[in-house]
Amino acid sequence: MRRAKESAPIFSIKLEGDPGFQQKTPAHTRIWAWLTSAILLGAVFVICAVFYVWLYVQQIQNGYRLSKAYEESELLSNVQRKLTIEWSRFRDPQRLEEIGRNQFGLAPPRADQKVVMR
Amino acid sequence: MEGREQRKSLNSRYWSCRLLFQVVVILAFCAIIGKAFRLQVIQYSLWVDQANTNLNTKFTVPAYRGTIYDRQGRVLSYSVPQRSLYAFGRRIDNPAKTAANLSRILDEPIASIEKKLTSSSHFIWIKRQLTDQQATEIEKLKAPGLNLTDEYKRFYPYRQVGGQVVGFVNIDGSGIEGIEKSFDEVLRGKPTPVCQFRDGCSKRLWLNSSAPPEPAESCGVRLTLDTFIEYVAESELEKAAEKYRPRSAEVVVMDVETREVLALTSWPFFDPNMIPEKKDPKQELGRDHAISDAFEPGSTFKVFMMSAALDQGLVRPQDKIYCEGGRCELAGHSIKDVHGHGWLTMQEVIKYSSNIGAAKIALHMGSENYSRYIHDFGFGSLTGIDLPGEFKGLVRPQKRWRPIDLAVTGFGQSIGVTGLQLTNAIAVIASGGEYGPPVIVDDLLNDQGKSIRQIKSSETRRVISKRTADQVRAMMELVTQEGGTAPNASPEGYKAAGKTGTAQVMDNVTKRYASNKYTSVFTGFIPAEHPKLVITVIVHEPQGSSYGGVVAAPVFREIAAKALPYLGVMPSGPNSAPGPNIRTADASSAQVGQTSGKKAATAKPAQKTAPNKSASIKGPGAVPIVAKKNQPTPQPGPRMAPSGKYSLKLDERGARVY
């Protein structure tokens with residue numbers, strides 16, 4: 001049994017005289033089959049094309065987004081740098097002394113006001 | 001079969017049309033394929049180049065110039081983007097109207113803007129580094145031909161504080177002065193060129209596979225400068241400048257142990273934010289006089305002369321020298337003291353700042369020895385500080401020294417030093433006799449602020465022995481005590497050691513010392529017992545008063561009073577300045593007082609009758625009035641006869657007499 005299965009051809013052609021031989025499919029059926037295949041292929045092609053275009057559009061849009069995000073990050077970086085400068089200016093001892101003297105009426109402590117912490 | 005019949009039924013016209021259509025389609029396809037082949041294969045590179053030209057745009061990712069920090073991490077110099085305005089000359093529609101609008105915003109004359117706009121140049125800078133408000137208003141104008149671009153402006157948030165050290169950059173971002181210049185290569189950022197696509201509306205889009213590079217900051221520099229101490233130094237110097245209206249003034253504050261410069265400033269101060277667009281060549285913008293200008297240090301130089309003499313064993317602190325009552329002729333020149341003195345110990349020579357005493361010791365030492373020590377203390381050569389424009393000072397070659405040069409160099413004339421050299425040399429004494437180069441840059445930092453390279457040098461060399469340094473330090477303490485030339489130099493609770501200097505200034509026209517121009521100097525260290533800071537105050541040509549102890553010493557005191565607690569050095573108690581550290585004479589030395597009180601002429605006969613001729617005493621004009629090295633020391637003996645004419649014994653320590 002196993003030997004019979006092993007010796008059986010992989011492909012077999014059924015001749016016209018063969019009882020298993022079937023009548024050729026009618027032309028309109030074949031046209032429909034061909035059309036269906038063509039439509040399917042076309043649909044796949046169109047889907048692929050649309051997908052490709054969609055991807056390309058996405059790429060372009062992402063390119064714009066990236067570019068915009070990059071510009072925004074650059075802008076924020078610039079703002080951060082300006083704020084760093086502002087912060088440093090607040091720490092300027094000259095400015096702090098002016099504010100202390102003029103706005104809060106502060107003055108250097110007298111000798112009797114100094115307490116040395118040991 | 002049915003299809004075949006149908007086909008047969010078609011007429012020949014159908015077939016010819018079909019054939020024609022097929023041919024046309026095939027030809028069309030061939031044409032398309034041919035054209036595509038031509039575009040894609042034959043002319044590929046040409047069209048790619050053209051496409052790149054049209055679509056690709058090159059822009060530079062900014063690399064900010066590195067930040068300069070002080071030792072506490074405070075930002076001293078920082079780059080911030082600022083917009084700059086430029087124009088395409090040929091695209092300006094109405095130059096007159098545009099100039100009028102710009103004039104209102106930029107606050108510049110219409111004529112000058114219109115001249116720029118009507119220029120034949122294609123690209124014209126209208127104004128660089130605008131304020132944010134100006135940039136916003138210009139954007140609102142939407143004038144054709146006007147464009148804004150980002151540039152990077154250097155800001156100095158602490159303004160004049162440390163301005164001369166930090167320096168400044170020009171409008172193109174190149175360092176011109178100070179650290180900005182000396183570390184320009186390190187600080188300068190290198191922008192990265194990047195290609196990017198741009199659409200027909202000039203909108204950018206990023207299609208590269210890698211992420212767009214982020215703007216980076218170049219390496220930074222951390223200075224040893226302390227903004228607080230620098231500010232204190234500047235504010236105290238400003239007060240002195242208001243009071244004495246000098247030509248200029250300088251302060252240097254240095255850490256004794258590490259030789260780190262904590263403050264370095266020159267008055268008039270300089271704000272690097274206020275650089276005029278057109279630099280006046282005569283104007284010395286940002287010049288740091290403390291390192292680039294030499295001056296005669298005057299009496300402050302006596303401590304180095306004394307250090308050299310003590311270190312060689314030529315004199316001892318308790319040795320006495322006759323100071324001729326305040327006036328004498330040496331090497332054919334008249335040398336005077338401000339206050340006349342007779343016999344002074346070496347300590348007193350420093351304390352009372354006797355020129356005659358200093359000149360005599362210098363003559364006794366000889367030019368070769370003295371010159372060697374002068375160079376060992378760092379005078380006449382660059383200190384090597386990382387700042388541009390350092391001057392090495394003026395030290396005459398030893399072979400060209402005349403006797404008078406040797407004598408006057410003893411008290412700081414005929415020699416030129418910078419404020420930094422003087423401070424560093426005092427630090428040698430304060431630190432026990434070791435010379436180390438001054439340091440202004442601590443380390444280099446990466447863009448995250450982490451140290452990547454230390455700049456400090458640990459190279460030291462011994463100049464004088466520890467014992468000599470201690471002896472000189474004790475002498476310098478006397479200067480700030482009651483009776484010294486700077487009794488007001490010590491802040492409350494601290495003991496200072498220093499030396500005053502009041503040097504005459506050479507008149508450039510007459511080439512003689514001007515009678516009314518002085519340089520007032522005070523240099524010293526504090527606390528005297530465990531020195532932490534060396535502070536040098538130099539005031540050039542003050543008005544009203546000229547003495548270093550009056551003009552410069554109070555500045556020293558005020559800076560020390562504020563800087564020491566800030567550095568964690570607390571006052572040790574109320575300022576109880578002891579009296580002059582002069583040993584009381586016993587009965588035998590009382591006669592010395594009588595002798596020293598006499599003028600040199602009257603002392604001369606004493607020499608003739610001096611026992612064993614052990615002491616050399618000569619009258620005015622004789623050079624030198626110092627003992628020779630091989631002269632025997634007077635031996636202690638029994639009490640001399642009460643005649644007192646030749647009794648020159650000083651005290652029980654067997655001091656020598658010169």
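**Cavities, a pocket and salt bridges in a predicted model**

User: How many cavities of 30 Å³ or more does the count come to?
Analyst: Happy to help! This is a predicted model. By the rule used here, the count of cavities of 30 Å³ or more comes to 2.

User: Which class gives 5 residues to the lining of the second largest cavity?
Analyst: That cavity has a volume of about 30 Å³. Its lining includes Leu76(B), Tyr156(B), Val161(B) and Gly162(B). By class, 2 lining residues are polar, 1 is charged, and 5 are nonpolar.

User: Which element gives the largest share of the lining of the second largest pocket?
Analyst: The second largest pocket holds about 1600 Å³ of space. Among its 48 lining residues, Glu74(A), Arg83(B), Thr149(B), Asp150(B) and Tyr152(B) are the closest to the centre. Elements of chain B giving two or more residues include strand 4 (75-88) and helix 6 (132-141). The largest share, 11 residues, comes from helix 2 of chain A.

User: Is Glu260(B), the salt-bridge partner of Arg71(B), buried or exposed?
Analyst: Arg71(B) and Glu260(B) form a salt bridge, with their closest N and O atoms 2.9 Å apart. The pair links distant parts of the chain, 189 residues apart. Arg71(B) is partly exposed at 28% relative accessibility. Since buried means under 20%, Glu260(B), at 3%, counts as buried.

User: How many residues apart are Glu236(B) and Lys562(B)?
Analyst: The side chains of these two residues meet in a salt bridge of 2.7 Å, N to O. Glu236(B) lies in helix 10 of chain B and Lys562(B) in helix 20, so the pair links distant parts of the chain, and the separation is 326 residues.

Methods. Residues numbered from 1 in each chain as written. Chains lettered and ligands numbered in written order. Predicted model: local features only at pLDDT ≥ 70, side-chain atom pairs only at ≥ 80, totals over all residues. Heavy atoms only, no water. 1 Å grid on protein atoms, 1.4 Å probe; cavity = no way out; pocket = protein on both sides within 12 Å on 5 of 7 lines; lining within 4 Å. Points joined across faces, edges and corners; volume = space filled by probe spheres on them. Helix = DSSP H or I, 4+ residues; strand = E, 2+ residues; numbered from the N terminus. Nonpolar A, V, L, I, M, F, W, Y, C, P; charged D, E, K, R; others polar. Salt bridge = Lys/Arg side-chain N within 4 Å of Asp/Glu carboxyl O. Buried < 20%, exposed > 50% of the residue type's maximum accessible area, 1.4 Å probe, protein only.
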